[in-house]
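Biologist: Could you take me through this model one part at a time? I would like to ask questions as we go.

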Amino acid sequence: MSMDRFNPLLSVENLVVEYGTPGSGFKALSGVSIDVGKGECVGVVGESGSGKSTLGKAILGLAPVTSGRIVFDGEDITQLKGAARRRLASSVQVVFQDPYGSLDPTMTVGDILAEPLEAAGKGRRAARSAVGEMIERVRLPQAAIDRYPSEFSGGQRQRIAIARALVRKPRLVVCDEPVSALDLTTQAAVIDLFIELQRDTGVSYLFVSHDLGVVRRICHRVAVMKRGEVVEFGDGEQVTRSPVHPYSARLLLASPVADPIAQAQRRAAWLQLRESDVATPAR
Ligand SMILES: Nc1ncnc2c1ncn2[C@@H]1O[C@H](COP(=O)(O)OP(=O)(O)OP(=O)(O)O)[C@@H](O)[C@H]1O
Ligand SMILES: [Mg+2]
């Protein structure tokens, strides 16, 4: 499935989010505008506290919007509440950094994945078959269905969280630092999974990360946030390699290594050197 940037699935227009008393609270977002095309991955980077998660939460209806609009597939969803908001959950899903906190430890993986399908009215057998298919898509063994989240590694748990987000066939997934807690090798494998699932299903991602190397691998376009504002929004390659805004350039310099795979390879090579008892290379 191909990416269609000129036919936005999501558009965020001049969004203001204020925590505390409206009018005199703290503005976590002060006039943010971005859009995400069908099948597109848009990255959101910026230092801690710049408002990345707040943007994701606003789209999910979890942050207080003071002004501006969020339009999803032609519908204004800015202030959607109750049943209408719950209905939107089949189209807009989320994957968080910490799957431990978001996967019910008392439920088997099969039940975790089947629950939203059955809640949406799917019969038990149809739900089970969709779950089996999803488990295969995220490359977990079928036996995972009868196990509990605690029996899996961090990377596997993130695959479960991805499966749960995608099992309802959403059109947009808000991903908030979904690989930040993983070691570099696992990170690379999970990023590849995100890319593959997007290619196969045409789902769109809003991909929040503080890591420019990660967004460079997966995102078509990247927005750079600073203190509640988007200071730069453009082609992913360009923004992460030769940014226009001085703040983005500083962020690029602050990011330790651009490419997680290259870093993993360098680290492995260095460890091998040490193990073979060669003198520590000069830095
Ligand atoms: N519920 C809340 N009430 C009050 N202030 C909040 C709330 N949530 C976030 N903030 C503030 O809003 C600002 C933006 O927070 P946000 O979590 O969006 O940043 P972030 O870019 O995701 O940071 P990080 O990279 O650390 O996750 C921060 O100053 C934060 O302290
Ligand atoms: Mg955050």
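Modeller: Certainly; please keep in mind that this is a predicted model. A good place to begin is Val173, which touches Gln93, Val94, Val95, Ala165, Val203 and Tyr205, leaving aside residues up to four places away in sequence.

Biologist: Which residues have the most contacts inside the largest nonpolar core?

Modeller: They are Ala163, Val173, Leu206 and Phe207, and that core has 69 residues. Helix α6 gives the most to this core, with six residues. As a general tendency, nonpolar side chains in soluble globular proteins are buried together.

Biologist: How many helices and strands are there in the chain?

Modeller: The chain has 11 helices and 10 strands. It contains 283 residues, of which 38% count as buried. Taking contacts between residues at least 6 apart in sequence, 69% join residues at least 24 apart.

Biologist: Turning to the strands, in what order do the six strands of the open sheet lie?

Modeller: The order is β6-β7-β8-β3-β9-β10, with mixed pairing. β6 (92–95) and β10 (229–235) stand at the edges with a single partner strand each, so each has one side without a neighbour in the sheet. From one strand to the next, the twist averages 20 degrees.

Biologist: In which sense do β3 and β9 pair?

Modeller: Strand β3 (residues 41–45) pairs with strand β9 (residues 221–226) in the parallel sense, over four bridges. For instance, Val42 has Arg221 in β9 as its bridge partner. In general, strands of a sheet pair through backbone hydrogen bonds, either parallel or antiparallel.

Biologist: And which helix lies across β3, β9 and β10?

Modeller: That is helix α10 (residues 246–254), which runs at about 100 degrees to β9.

Biologist: Let us change topic to the ligand. Which residues are around ligand 1?

Modeller: They are Tyr19, Phe26, Ala28, Gly46, Ser48, Gly49, Ser50, Gly51, Lys52, Ser53, Thr54 and His210. By type, the shell divides into three nonpolar residues, eight polar and one charged. Both β2 (26–38) and α1 supply at least two residues of it, and the largest share, three residues, comes from α1.

Biologist: Is α1 itself largely enclosed or open?

Modeller: Helix α1 (residues 52–59) is largely enclosed by the rest of the structure, because eight of its eight residues are buried. Its buried residues are Lys52, Ser53, Thr54, Leu55, Gly56, Lys57, Ala58 and Ile59. After α1 comes Gly61, with a positive phi near 80 degrees.

Biologist: What about α4: which of its residues are buried?

Modeller: In α4 (residues 109–119), the buried residues are Val109, Ile112, Leu113, Ala114 and Leu117. They pack against α5 (124–137) and α6 (154–166). α4 is followed by Gly121, whose phi is positive and near 100 degrees.

Biologist: Those were glycines. Where is Asp73, and what is its phi?

Modeller: Asp73 lies in the loop between β4 (65–72) and β5 (75–76), and its phi is near 50 degrees, a positive value in a residue other than glycine. In general, most residues other than glycine have a negative phi. Glu177 also has a positive phi, near 50 degrees; its place is in the loop between β7 (172–176) and α7 (184–201).

Biologist: Why does Asp73 count as partly exposed?

Modeller: Asp73 counts as partly exposed because it has 15 C-beta neighbours inside 10 Å, while 20 or more would make a residue buried and 12 or fewer would make it exposed. Glu177, with 19 other C-beta atoms within 10 Å, is partly exposed.

Notes:
Residues numbered from 1 in each chain as written. Chains lettered and ligands numbered in written order. Predicted model: local features only at pLDDT ≥ 70, side-chain atom pairs only at ≥ 80, totals over all residues. Contact = placed C-beta atoms within 7 Å. Near = placed C-beta within 6 Å. Nonpolar A, V, L, I, M, F, W, Y, C, P; charged D, E, K, R; others polar. Pairing = 2+ DSSP bridges. Axes fitted to C-alpha atoms, helices over the stretch in contact; angles between N-to-C directions. Core = buried A, V, L, I, M, F, W, Y, C linked by C-beta atoms within 7 Å.
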